[in-house]
Amino acid sequence: MHSICFLILVIYTVSVLTTNVFDIQCPNSSADWCKTKEIATSCGVTKQCASVAWKTNDNDRVNFTIYYESLCADCRQFIITQVWFAFQAISDIVNLTFIPYGNAHEIYRPETKLYQFYCQHGPDECYGNLIHTCVIASYPETQQHMPFIYCMDSIVDDVEKVARQCAQNTSIDFEKVANCTNSRMGNQLQHVYATQTEHTKPTQAFVPWVTLNENNSNFKQTHQSTTVTRLSDESTMTNTCATQSDQNINRECVTFVWLDLRRDSIGNFLGTLRGINDCVRTFTDVSTCLDYIKTSQEKIFFVSSSSNVELLNTVNVCIAVEAIFVLDPDTNSIRAEFSKLTNIFTQQEELIRVLKATLNTFEQIQLEKFSFETDKMFLWWQLWREEIASKTFKVNDKNELVEQARHDYRGNTKWLKLVDEFDKSYRTHDAVRWCFRVSFPARPLRYALMSPTVKLLSSYQCLIVDVIRILQQQSKRAGHGQVYRGMKLSSELIDSFETHIDQLVCMNGFFMCTKSRNIELQLAASPGYRSDLSSVLFKIDFDASAPIAEVKMEHGSTIVVFDIATSFRVVCVNRGLMSIIKMKIASDEGKKLAADHKEKHKGKTIKILLDELSIQRKPPTPPLVSSIQSTSPASNIDVRNVPTKVGNSEISEHEVEARKCLKHGDVDGAIRAYRRIRPMSIRIIKLIGRLFADEKHEYDNALECYEQAFKIQEEVKRIETDQQGEEDMGDTLSRLGLIHYHRSEYDLALKYHMRALPLYESAQIYDSSLIATCLTNISNVYQAQSELHKALDYAQRAWTLCESYEYENDMIVAKSLVLLANIHHHLGDDGQALKVGTRALTLLEHTRPSSLSQTAELLNTLGLIQMNLGDLSEARHYFERSLKIYSHIAPTEQENVAKTEKNLQCVLEIQHNIENLHHYS
C-alpha cells in the first residue's frame, strides 16, 4: 500500500513539473507517438520511444534526494517498502540520490586532520553511514548501489556482517568498499554529506527527509515546498510540530493525533487542525499510530478516519488518550459504547466545531495537576516559586520568549500573528490578561507549568514574575471569601484527595476559580465529556493572606486566580454524583516546608535541590524485556494473604478493616485503616510501605514508610541485640534498595542491598532464598548501571545458591535464570542466553498461572535472541506465543504487548524482504 501511494505521488509530481499529460489524446497514427514525451506517455510507449526514437535528457528528469540514517528504523522502512518499488517503476524519469548522514554531527580533529562523527544511533550507525557513503562513491549509478542499500536495510544484524553479505548478493566488491571506509577519502566523502545535509532547503527537520529538484534553479521554491510537504505526509508518520533541534518538541498541553486511512483530506485538514492546536502528529498506518499512542506521555486528542470498533476499543483504553473523534462520511453510528468517544462525524466542519469546544472544556475542567505534600514535586514547586519571586527582570526580557515562539511556530501563520501581537503590545501591568485570556502566551505557558523543568520554564520567567507581583498587590485588598472550581477527575485522584485529608496540596501553576457556584457546577456536570470521569466541585475558603487576583475574561465573566503553587489544606471529601472537595488556603505552611527543606540541606544551591527533587521516578525500561524488575522480593509478596495473627497477639479491628478493604481491591481504604492503628508497629509501617510500592507504585510515599521503619529499627538495635531484629532490618534495607532502584537512584540502591547481604548471610536461620534474591537485586542494579560483568558475577552467585539447594519454589530459580539469560544476551553471548532462557521457560510454565506475565516477557526475550542468531522462524514462534499469553492478561501489559507486536512485525517484514531480495537478486 505504501509503495503504491509513493509511486502515485511521484508520478503525480512529475506530471506537475512538465505539463498536464493526461489531457493529451494519443494520435491514431503510430508515426506520431514519439513526437513528444507527453504524447508518448498518453500512448503508453515511453520506454519504447526512449530506446528507439530518443533518449532521456538528464535535465528533464526529476531529482529526488533522500536524507537518511543507516540504522534509523523509519528510514529503513521507508526505503524498503516505498522507495525501492517506486524506483523500479519510474527509474527512467527520476534521478534518485541517497545522502546517508541524517541527524549526525561532526567535529574536526586538527591533530589527525580528520572529522569525527557522532550519530543518533551510536557508533554502529556511523560505520553503516560510512559503508553506504563508500558504496555510493565506488558505484555511482543508482542501479548499482540501490540494491545494496535495500539489502542492508532489510536485515537486522551486525553492520559489517550484513554489509559483506549484501555486497556478495549485489555484486559489490566489499574489499574495495572497506579500503574506502578506512581511508581519508572516505572520511572526506562523509564530511561532504554532512555539509550537504546541513544546507538542505527546506531545512531537514527529521529523517527520512525528502527534497525535490533542490538543484534546479528554474524550479519555484513555493512549488518545491508544497511537493516536499506532500512527500512528508506520505511517510508513515509526520511530526508537524518537529523542529531541527528537537524532532519531538511540543509546546501544547494537548497533542492532536490524526490517523488518516483514506488519505483524501490531509492537506487542508492538517492546516485546520494546526490552527486549533499547533502540535499535530499524522499517521497513515494503524500499527505505527498505536505504537506511538501506547508509549506517549502526552495528553492526546485522537482523530480517526476509521470507525473500526476494534481500533476504537484499543485506543479507548490507552491512558494518554483524552478524547476520540471519528471523521467517517460513510458511518454515523456504531454498535458499541466508548467512554472517550465524543462523536462520529460525517462533515469536517462539524468535527472542527466540536473539537474546539471539547478542547476548551478540557482546559477548564481537567487540565490541572495536583501535588500533595508527600510528593517531591510539592516541595519542588514551593522552592521554585520562592526562587523565581525574588528575581527582577527588564521589560525587554520577553525577547527570548518571542524568539523561541517564532522558532516553535514557524509555518503556522495564525500563531505567528499572535506572537507578533504579543511582541508589540505586551506591557507589565497587563500580564494577567495576557497569561489567562490570550491563546499566546497562555497556552504554551500552561504546557510549561504542566511539565515543570527549570529549562522549560526559563522562557516564561519574566511573565510569571509580572503576574506574581500583580497578585501580591491585589491580595492586599482582598478579604475573606469562598470560591469554586468545577472539574472532571478520575476515581483514583479523588481517592488521593481522600487519603490526604488534613494534608497540604498545591496545583502545578496558577489555579483559576470563580465566585459563582452555579457556573462551576455546570462545568463539573458537563454531560457530553468523558463518562468515565467523576464530577467534582472544589469549595475553597480564603482569607486576606491569599495571593489572588480577579481577571475579567473576554466573554464578560470574572475569574479568581491564585498565585502559582499556592498551598491548600484538604479539609474534607464528600463523595457522590457530584463529589465535593473542600479546601482552605494554607500558603504560609507551604512556604515553611520549603524553608525547612533549605535549612536541612544547607550548602546546596536551589538549583541542586530542584534537580534532586525532580529525579525521574520510574526505572528506565530494560533494553529487551522488563522481567528483570519482577525479580524483586517486593513483587513476590501478596499483602492480601497476611496471617490473621502476628506472634501471640491478635490483630486490631483497624487491621481487620484494612484486610477487608484489600479483599475488595480498595488499597487507599486499607492504607487509611492501617494508619489509624495505635501504636503503629514497624510491621504496620512496612505494610503501608508495601501497599504504596507494590499496589500504587507511589515510591516517594513508600520510601518515607521504609525510612521511618528503619530509623525505629536502628534505635531498637542500640538498646538490645536481637538476631531476629537484624533479619528484619535486612528486609527493610532490601526494600529501601528496591525503592531507590525504582527511582533510578542506583548508587543508593546498591548501598542498601550491600548492607542487607551480610545480615542475610549471618542470620541465625540460614535462608538461601533470601540471599539469592538479594544477590539478584544487586545484579539488577549493576545491569541498570551497564556494569554487565559485575551483574553477571552476582547473578551467577545467585544461581549457584539455587543449584546448591533444592527449592520447592520454581519461581526463584526461574527468575535467577531469566536474569542470567538477559545479561548473557546484553554481553552478546546469545548462544548461552538461549540455553539458560530455555531452561527458565520450562520452569515458568510449571508455575502457571501465577507466572503468566513473566512467561510472556521471557518468550519475547527468546524471540529477540533468536533474531540475533538468525533463526527468524523460531523468533516468530516465540513472539506469537508471547502475544497469545498477553491476550489473556491485557490491558494490564499494554506497553509490553506493543513491544512484542513491534518485534513480531519486524520479523515478518524481514522475512518478506528477504523473499523479495531473493526474487530481485
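These legends walk through several close-up views of a predicted model.

**View 1. Cys 119 and Cys 126 are joined by a disulfide.**
Let's start with one of the cysteine links; the structure holds 3 disulfides. Here the two sulfur atoms, from Cys 119 and Cys 126, sit 2.1 Å from each other. Look along the S-S bond and you get 115 degrees about it, which goes with a right-handed link. Don't expect to spot this pair on the outside: both Cys 119 and Cys 126 are buried.

**View 2. A disulfide between Cys 134 and Cys 180 bridges two helices.**
The S to S distance for Cys 134 and Cys 180 is 2.1 Å. This disulfide is left-handed, because the torsion about its S-S bond is about -75 degrees. Cys 134 belongs to helix 5 (residues 123-138) and Cys 180 to helix 8 (residues 174-181), so the link ties together parts that are 46 residues apart in sequence. Both Cys 134 and Cys 180 are buried.

**View 3. Cys 151 and Cys 166 make another disulfide.**
In this close-up, the sulfur atoms of Cys 151 and Cys 166 are 2.0 Å apart. The link is left-handed, with -80 degrees about the S-S bond. Helix 6 (residues 142-154) carries Cys 151 and helix 7 (residues 159-169) carries Cys 166, so this pair connects parts that lie 15 residues apart in sequence. Cys 151 has 0% relative accessibility, so it counts as buried. Cys 166 is buried too, with a relative accessible area of 0%.

**View 4. Cys 75 is in no disulfide.**
Which cysteine sulfur is nearest to that of Cys 75? It's the one of Cys 72, 3.1 Å away. Cys 75 has a relative accessible area of 0%, so it is buried. For a contrast, jump to Cys 906: at 26% relative accessibility, this cysteine counts as partly exposed.

**View 5. Three strands line up in an open, antiparallel sheet.**
Read across the sheet and the 3 strands come in the order 15-18-17. Strand 15 (511-513) and strand 17 (548-552) are the edge strands; each has a single partner, so one side of each has no neighbour in the sheet. On average, neighbouring strands here are turned by 30 degrees against each other, direction ignored. Strand 17 and strand 18 (residues 558-562) run antiparallel and are joined by 5 bridges. Across that pairing, Glu 550 stands opposite Val 560 in strand 18. What holds strands of a sheet together as pairs? Backbone hydrogen bonds do, in a parallel or antiparallel arrangement.

**View 6. Helix 22 packs against helix 27.**
Helix 22 (residues 491-499) and helix 27 (residues 667-675) have axes 10 Å apart, at an angle of about 5 degrees. Angles under 35 degrees count as roughly parallel, and these two helices are therefore roughly parallel to each other. Who meets whom? On the helix 22 side you'll find Asp 495, Ser 496, Glu 498 and Thr 499; on the helix 27 side, Asp 668, Arg 672 and Arg 675.

**View 7. Residues 730-763 are listed as a TPR repeat in an unreviewed UniProt entry.**
That UniProt entry lists residues 856-889 under the TPR label as well. Zooming in on residues 730-763, the span is 85% helix and 0% strand. The C-alpha atoms at its ends lie 9 Å apart.

Conventions
Residues numbered from 1 in each chain as written. Predicted model: local features only at pLDDT ≥ 70, side-chain atom pairs only at ≥ 80, totals over all residues. Heavy atoms only, no water. UniProt positions renumbered as here; feature names shortened; annotations may be inferred. Helix = DSSP H or I, 4+ residues; strand = E, 2+ residues; numbered from the N terminus. Disulfide = S-S within 2.5 Å. Buried < 20%, exposed > 50% of the residue type's maximum accessible area, 1.4 Å probe, protein only. Pairing = 2+ DSSP bridges. Axes fitted to C-alpha atoms, helices over the stretch in contact; angles between N-to-C directions. Parallel < 35°, antiparallel > 145°, perpendicular 65-115°, else oblique. Contact = heavy atoms within 4.5 Å.
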